[in-house]
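Colleague: I've got a model open and I'd like to learn how to read its features one by one. Could you walk me through it?

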Amino acid sequence: MNEEAKLVRDTLIARGLETPLVDSELNNEQKYARIKGLMAEVMGTLGLDLRDDSLRETPHRIAKMYVEEIFAGLDYEQFPKLCVIDNKMGVDEMVKVKEISLVSTCEHHFVTIDGTATVAYIPDKKVIGLSKINRIVQFFGRRPQVQERLTQQVLVALQTLLGTNNVAVSIQATHYCVKARGVMDASSYTETTALGGVFKTKAATRAEFLR
């Protein structure tokens, strides 16, 4: 784990914003093998015939997907390599990245959360490569989540890395635990916002971000 990832993780833990985690003491190969076996049991319990050529590889696919893809954000070794540089240009106006694609997983039902994020900050001594903002959003999306925590995690990570409180994050997302089960509401979506520094204290700055 690099120093930036450790700093972000430790700050989230201190703030009570880290995803609830325990050390499974398993490496990725062991996690894959165990999930594959357990998923085969789930499918067998449902009465699915794993001898069928369409279903035979499903436990493998799910285990691989969980460990290497949709839950890769649980592993801080996968934290994005960042390009944070001194603000030699003296930028002091808002930098905003809109419509960042976000796919996550509801931690209550393990189904998809699908949406977009908007992230802004006002530079102080540091600026960050724009694509790295997208990668931070996607990193925290790649774990079981609740949207409120996800929004705060992105905010605190960027505040920590940039050395400024002047960060804002907004997420709009459709939750398939609402769309595909339970109330089965196909049209609603959820908005969450996390504001820091002048985005919280200055109405004009907040309005500029939210428009």
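Modeller: Sure. Let's begin with a helix pair: α4 passes α5 in a right-handed crossing. Keep in mind that this is a predicted model.

Colleague: Which residues of α4 and α5 make the contact?

Modeller: On the α4 side you'll find I133, I136, V137, F140 and G141. From α5 come L150, Q153, V154, A157, L158 and L161.

Colleague: And how do those residues divide into nonpolar, polar and charged?

Modeller: Nine of the residues in the contact of α4 with α5 are nonpolar and two are polar, with no charged ones.

Colleague: At what angle do α4 and α5 pack, and how far apart are their axes?

Modeller: The angle is about 135°, and the axes are 10 Å apart. In sequence, α4 covers residues 130-141, while α5 covers residues 147-162.

Colleague: Why do α4 and α5 count as oblique to each other?

Modeller: An angle has to be over 145 degrees to count as roughly antiparallel, and 65 to 115 is roughly perpendicular. About 135° falls in neither range, so α4 and α5 are oblique to each other.

Colleague: Now the sheet. In what order do its strands come?

Modeller: Read across the sheet from one edge to the other. Here five strands form an open sheet, in the order β5-β2-β3-β6-β7, with mixed pairing. At the edges sit β5 (144-145) and β7 (190-195), each of which pairs on one side only.

Colleague: How many bridges join β6 to β7?

Modeller: Six, and the two strands run antiparallel. Strand β6 spans residues 167-175. To find the register, look for residues that face each other: V169 stands opposite A194 in β7.

Colleague: Which strands does α5 lie across?

Modeller: Helix α5 lies across β2 (95-106), β3 (112-121), β5, β6 and β7. Relative to β6, α5 runs at about 155°.

Colleague: What about a loop residue? Is N87 buried or exposed?

Modeller: For a single residue, check the relative accessible area against the cut-off. N87 comes out at 12%, and buried means under 20%, so N87 is buried. N87 belongs to the loop between β1 (84-86) and β2. Leaving out residues up to four places away in sequence, N87 touches P123, D124, K125, K126 and V127.

Colleague: Last one, the whole chain. How many helices and strands are there?

Modeller: Eight helices and seven strands. Buried residues account for 40% of the 211 residues. As for extent, the C-alpha atoms fill a box of roughly 65 × 40 × 30 Å along the principal axes.

Definitions and conventions:
Residues are numbered from 1 along each chain as its sequence is written. This is a predicted model: local features need pLDDT of at least 70, side-chain atom pairs count only at pLDDT 80 or more; totals for chains, interfaces and linings use all residues. Side-chain values use heavy atoms; hydrogens and water are left out. Two strands pair if DSSP finds at least two bridges between them. Helices (H or I, at least four residues) and strands (E, at least two) are DSSP runs, numbered from the N terminus. Contact means heavy atoms within 4.5 Å. Axes are lines fitted to C-alpha atoms, for helices over the stretch in contact, and angles run from 0 to 180 degrees between N-to-C directions. Buried means under 20% relative accessible area, exposed over 50%, partly exposed in between (1.4 Å probe, protein chains only). Angles under 35 degrees count as roughly parallel, over 145 as roughly antiparallel, 65 to 115 as roughly perpendicular and the rest as oblique. A crossing is left-handed if the near helix is turned anticlockwise from the far one by less than a right angle, and right-handed if clockwise. Ala, Val, Leu, Ile, Met, Phe, Trp, Tyr, Cys and Pro count as nonpolar, Asp, Glu, Lys and Arg as charged, and the others, Gly among them, as polar.
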